[in-house]
There are 4 protein chains.
Amino acid sequence: MRNIKVEQLMQTPVEDQKVEIVERKGVGHPDSIADGLAEAVSRALCREYIKKCGTVLHHNTDETQIVAGKSHPEYGGGEVIKPIYTLLVGRATTEFDGEEFAADAIAIEAARQYIRENFANINLERDMIIDCRFGTGSSDLRDVFSRNKMPVANDTSFGIGHAPFSELESIAYNTERMLNTDLKKKIPGIGEDIKVMGLREQDDISLTIGCATIGRYVDDLDHYINIKEEVEDYVAGLAAEHTERNVNIYVNTADQIEKESVFLTVTGTSAEMGDDGSVGRGNRCNGLITPGRPMSMEATSGKNPINHIGKIYNLLATQVAQDISKTIPEVDEAYVRLLSQIGKPIDQPFIASVQIIPEEGARLDSILSEAEGITDDWLASADRVIEMLINGKINTF
Amino acid sequence: MRNIKVEQLMQTPVEDQKVEIVERKGVGHPDSIADGLAEAVSRALCREYIKKCGTVLHHNTDETQIVAGKSHPEYGGGEVIKPIYTLLVGRATTEFDGEEFAADAIAIEAARQYIRENFANINLERDMIIDCRFGTGSSDLRDVFSRNKMPVANDTSFGIGHAPFSELESIAYNTERMLNTDLKKKIPGIGEDIKVMGLREQDDISLTIGCATIGRYVDDLDHYINIKEEVEDYVAGLAAEHTERNVNIYVNTADQIEKESVFLTVTGTSAEMGDDGSVGRGNRCNGLITPGRPMSMEATSGKNPINHIGKIYNLLATQVAQDISKTIPEVDEAYVRLLSQIGKPIDQPFIASVQIIPEEGARLDSILSEAEGITDDWLASADRVIEMLINGKINTF
Amino acid sequence: MRNIKVEQLMQTPVEDQKVEIVERKGVGHPDSIADGLAEAVSRALCREYIKKCGTVLHHNTDETQIVAGKSHPEYGGGEVIKPIYTLLVGRATTEFDGEEFAADAIAIEAARQYIRENFANINLERDMIIDCRFGTGSSDLRDVFSRNKMPVANDTSFGIGHAPFSELESIAYNTERMLNTDLKKKIPGIGEDIKVMGLREQDDISLTIGCATIGRYVDDLDHYINIKEEVEDYVAGLAAEHTERNVNIYVNTADQIEKESVFLTVTGTSAEMGDDGSVGRGNRCNGLITPGRPMSMEATSGKNPINHIGKIYNLLATQVAQDISKTIPEVDEAYVRLLSQIGKPIDQPFIASVQIIPEEGARLDSILSEAEGITDDWLASADRVIEMLINGKINTF
Amino acid sequence: MRNIKVEQLMQTPVEDQKVEIVERKGVGHPDSIADGLAEAVSRALCREYIKKCGTVLHHNTDETQIVAGKSHPEYGGGEVIKPIYTLLVGRATTEFDGEEFAADAIAIEAARQYIRENFANINLERDMIIDCRFGTGSSDLRDVFSRNKMPVANDTSFGIGHAPFSELESIAYNTERMLNTDLKKKIPGIGEDIKVMGLREQDDISLTIGCATIGRYVDDLDHYINIKEEVEDYVAGLAAEHTERNVNIYVNTADQIEKESVFLTVTGTSAEMGDDGSVGRGNRCNGLITPGRPMSMEATSGKNPINHIGKIYNLLATQVAQDISKTIPEVDEAYVRLLSQIGKPIDQPFIASVQIIPEEGARLDSILSEAEGITDDWLASADRVIEMLINGKINTF
């Protein structure tokens, strides 16, 4: 029997609140780079552990630190003056059962590959240094890890999820995603460092977008201004697919056009010039920062997917909320909180708290019991999330 | 005219919700060590800038990374095997108006002094390495910084605050504070690394406490068990001052007494053995992690207190909420969100959103207008917060 | 008028001494890797300075530190467990006359390129980390540097050279060079880390050779033993071209064949497993360590080729000695020492001391005056050496 | 039977050569700081190993890298702007026979203590960062190390020594030693970074001395000039005790008095501003750099004193030469070279080559056989040198 508490939440639904704030840091934001590297390293280690001994061994690689470089951006080119310095921090099992694991080497390789695949304009030969200081972790924790078949929580921690996305959340999320994929195909001058800050005041939405541009694809100031306008137009169209509210779009508001001071970069990310980054300070595992919703502070990226309960419960809570929201049409909003206690099996949370805002007029009893069933199912097969993670089926930021 | 929106929040007050989760990471938690170092370095730089040129110059030192060491704890002693490695990251102005600033040297000195003052059992001669990789920041940002007298926001960001603390919040916060000060005087074996996880299910409160102990003050396993019992008793008494609810207390639940595997350290912090730490991943600026309340992801510690709007608005929002809560007795809960737009003066937020849950039967109109007045006052004198910060009158974690 | 002192040296010529010791560290020895990286970085900076402002600016990049990694060599493969960590240290001009120089980025790029060109089996994606901590040097030294057209010595230092090579010197030098080029073409299992220690006792020569092998090209222990034999045969043939003395060859004497403990590597260098390296601790600029000859301790690699007198004078002294030895057949041995005084033009040494051992029966007067002329000529055109250096025409180790 | 070859050396004695060059880098020269740290760390490890398991375990800590800082010296004060960064590199045994060794922590502590004891004006709270990247060495080498009671050579390497010191050698050595001890007591403004370059042209000696001064003890330019004069006078007096030759003394010749550009420091060493340092690039183990004498390139400091043959043989060769020179009055000069072969016991060199320049008219036979006896005795008790090293009775630079 699991300790699952489902209750109706008496609360103004987010769409009806007067003010809503949502933020998304794009894949090229320094904090997201740190997240992406941390998770890429963890996944590479998982693959190696599984290859060599059939199971994932203890590791946590969730403390990557990005130390900003210095650059000299120019229209048509520019160069990085001082490379971005990246320190991979964490711990990993390097010996187990007579087998040795090249944890540091694998980490470096995975990190470089991640950068190469996601940042076409970072030249790894000169723009970025990737360093590594791994430890070997605490033997007590390793003990917890192998105590029995069902993984047990490595900590007393919690995870949180909600569904569905509000209009503003959908817009913020998709704006960055589409700029960085769809529009980027057309306009290579768009950099990966895109930050979207969404504000809704009743029916007025403002999107403040910081969007790096890449010097080698931008001819001059006119071209730059032209790109900004294309971004604005594109986002306006995209937003209209999600909302009928009034949408105002502000791109690179810190520009001082008259001084020719604009958001131009060499590599596509502000990490090249003054902006450091850390794991766990950006998007939550649903891809957003949503100050109006419950959130966990836990860094999800880079944690081991087997017993790191902060990681697993955040991802699981999000899955549960999304499943409830999709399966039960009468649910307006679903909030899920899972709390562990260190040493307990991960399918037995200390508490699973589910809060539902039902549609007006919905039959509450059946909703609550259906939601409880969905929650119980997901907990019973908590390893599904673990598998999805290892196979790269879930994002962590 | 400031854009201040005050509204009634239709929501079950936290005390009436069925489930509440609150966490506090103590001063010796690796994430808190990172926060503390980052803020100590920033304050030292502020003092130097003010001393030499009358104003705070551009800096952000908010990316300290703690790389865990390795230790060999023992009853009656033990030793650190591999020092904790601490990398101070950030940027600071090193030259201004013909004056040179010893930013790196000041940072190292401030960091060492902070450790010395807060960690009696970290031997800086061998237990910890403090390294520093500072840059000099972006000249564009420096430009923003000095453009006019009234500081302007350096980013599009938001800050969030609420008041008052719930019972559980008060208990979680004070448990760590009192263990680390009052009880520690009596029991020196209590380490600074204390984590309190509070859960309330209706009227049942559980406090799961991870509390490091320090080998040199613990004679043997019996003594260790004895200390745990004293902690339990002390916390039970303390909790009773804040609540009439039923309180269960769990201390160091990961211990395996029969295997003599317990939470024993050399220095008082798990950073000595396997636990890394980062700035901005622990407590919010009110000292807590409160997943049931709106929160900002912004790291507050180490940011410059002049134009780093994420820092200023988080602290300011908390002050505003507390002031509203104290001044207007009919307010049950107050939530404050401040959103900036990059380049705008900090006393002119893009929006200041205040949400109030009034007492039943309260006169809403007067409450809302009074709250607006308080908010406006605080914004008008936004520099009060800056001054309080520089003078060390406000905590950031 | 230059202070040139030429004298006859009363001394048993090296070939007639009873005992002679000569050592050469191959290009893959950790100390030589450090030398090679330091010099490659300096040359890349020279090219950039010349490209951007027509002259070489102040820099010294002569303190590369190689921190050994950890590896798991195997026949037919193996892998690096922990990457070799390389820290490029030095200082370089990053701003001059309104121009910015990407010193750190150029250094990283040049270092990676050097490794790629010289170490076919170091996989830069995972086997080696290249980090950089450059400073910007002392303004006083920069002052010295630009004071007038003719470069002035940056220090009080000396350089030393001798010619011709003795038989043993020729053998030691060529053994490494030919193994690493000619024989390596035929046997790819030969690693770049080759150390030759030559000892001559009267007419008996012993060559003790440490020669790394590369796992992926070595099938098994028999193959390994076979390679060692081929190396022995090859060196025997090579030595016979240089001497008629009796030559004994010892390859990898630390092997313990019965325990299968042999000199097998993954990458071709022992830096992968336990052997650190530093600039300036290996070969002198003539390619050898010759304890029976005068030597300078000065690290030549990585020093700037314009005013770093320790570098210039070592290379120049070697050129002068070689020229004297080639031009004047009656010279058996020539030793050249050049001593600078800080602040003086490099063509005006504090003293140029030339010592000659003439053939028996040679006419001393004419030899001495001819040697003086040659020395004077080289000093007068000291910049020839500088040019040769920048164009990569002279080796430094 | 040991392979000892003693021969008469036909060579102009050094005092009779026309030109002689000798250099000594003082304890505060960046290269010497690196040497001193490396050796201090090794000795601390030796003590710990002996304390915990009765014998010295494998380690080599001979690759300390000093990365220069940045400073702002001023008369009466000044400050370090950017700390000197020191990276301790090497490897050490961290586990043996069930015992754990805090190698990194011990290294940091020993390094800090060494600085504190030798550099009164380096403030370790802000002027210097001491970092550490230790590995654990190759298991093969550890194997070699414990194979039998008598230590066996870890490498094929050689050591070299000579005696007695020439006049110039004595002067160069003692000038630095006495300035840094005797005169420093009287004039605290003298810094530890003193470099003495001695040149003798027949009977004219020039001493070029670079001598740092420490701002806080120097009132102004006049005071500085005054100190230089006192140094000159003092050295003149000291030289007169060792020679009757003509002595010219040049102190801080790079000064530009008219521009007030002088050798002023904050800490007493140029490592604070632009001068990096490495182990093994400065003085040989007899305290001097003597390009006219046979020298080994081997770094002595920081190597383990048990089986690191490069270290042991350099120190031993120096002891043997000094003993021969002292014991046999008819010996004018003695040169000793010891060559090892990897894997052989250290008391059995591959060859011990002793070269003697006898007094005119001396009876060669008895000299040679007496020298052979002394050499044999020292080799037989090679561990005496090891013990002297561990007990700090021999210097290494």
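Let's start inside chain A, where domain 1 of chain A and domain 2 of chain A bury about 1200 Å² between them, with carbon and sulfur atoms giving 50% of that area. On the domain 1 side, S301(A), G302(A) and I390(A) lose the most area to domain 2, and together they account for 40% of what that side buries. Keep in mind as you look around that this is a predicted model.

It helps to know how chain A is divided. Domain 1 is assembled from three stretches, 4–13, 155–165 and 281–390, while domain 2 covers 30–138 and domain 3 covers 167–278. The C-alpha centres of domain 1 and domain 2 of chain A lie 29 Å apart. At their interface, 14 residues of domain 1 of chain A are in contact with 15 residues of domain 2 of chain A.

What holds polar groups together across this boundary? Between domain 1 and domain 2 of chain A there are seven residue pairs in polar contact, both at pLDDT 80 or more. By class, the domain 1 side that touches domain 2 has four nonpolar, seven polar and three charged residues. The rule also finds two salt bridges across this interface. For a concrete pair to display, try K303(A) and D62(A), whose side chains meet in a salt bridge at 3.3 Å, N to O.

Now step out to the contact between chains. Chain A and chain B bury about 6400 Å² between them, 54% of it on carbon and sulfur atoms. In chain A, the residues that lose the most area to chain B are E63(A), R281(A) and M297(A), together 12% of what that side buries. This contact takes 78 residues from chain A and 79 residues from chain B.

How many salt bridges and polar contacts are there between chain A and chain B? The counts are ten salt bridges and 34 residue pairs in polar contact, both at pLDDT 80 or more. Strand β7 (residues 84–92) of chain A supplies the largest share of the chain A side that touches chain B, with five residues. Sorted by class, that side of chain A has 29 nonpolar, 26 polar and 23 charged residues. One salt bridge to look up joins the side chains of K195(A) and D155(B), at 3.1 Å, N to O.

Over all chains, the structure holds 136 salt bridges, and a few make good stops on the tour. In chain B, the side chains of E192(B) and K184(B) meet in a salt bridge at 3.6 Å, N to O. Both E192(B) and K184(B) are buried.

Also in chain B, the side chains of K186(B) and E230(B) form a salt bridge at 2.9 Å, N to O. K186(B) belongs to helix α4 (residues 167–186) of chain B and E230(B) to helix α5 (residues 221–242) of chain B, so the pair ties together parts that are 44 residues apart in sequence. Here K186(B) is exposed, with a relative accessible area of 60%, and E230(B) is partly exposed, at 26%.

Turn last to chain C, where the side chains of E169(C) and R293(C) meet in a salt bridge at 2.8 Å, N to O. This pair links distant parts of the chain, 124 residues apart: E169(C) sits in helix α4 (residues 167–186) of chain C, and R293(C) in the loop between β16 (277–278) and α6 (309–327) of chain C. E169(C) and R293(C) are both buried. Elsewhere, salt bridges that share partners join E48(A), K51(A), K52(A), E109(A), E79(C) and R126(C) into one network.

Notes
Residues are numbered from 1 along each chain as its sequence is written. Chains are lettered from A and ligands numbered from 1 in the order in which they are written. This is a predicted model: local features need pLDDT of at least 70, side-chain atom pairs count only at pLDDT 80 or more; totals for chains, interfaces and linings use all residues. Side-chain values use heavy atoms; hydrogens and water are left out. Domain bounds come from an automatic or database domain assignment. Contact means heavy atoms within 4.5 Å. Buried area is the accessible area (1.4 Å probe) that two parts lose on being put together, summed over both. A salt bridge is a side-chain nitrogen of Lys or Arg within 4 Å of a carboxyl oxygen of Asp or Glu. A polar contact is a pair of N or O atoms within 3.5 Å; within protein, one must be able to donate a hydrogen and the other to accept it, and residues adjacent in sequence count only if both atoms are side-chain atoms. Ala, Val, Leu, Ile, Met, Phe, Trp, Tyr, Cys and Pro count as nonpolar, Asp, Glu, Lys and Arg as charged, and the others, Gly among them, as polar. Helices (H or I, at least four residues) and strands (E, at least two) are DSSP runs, numbered from the N terminus. Buried means under 20% relative accessible area, exposed over 50%, partly exposed in between (1.4 Å probe, protein chains only).
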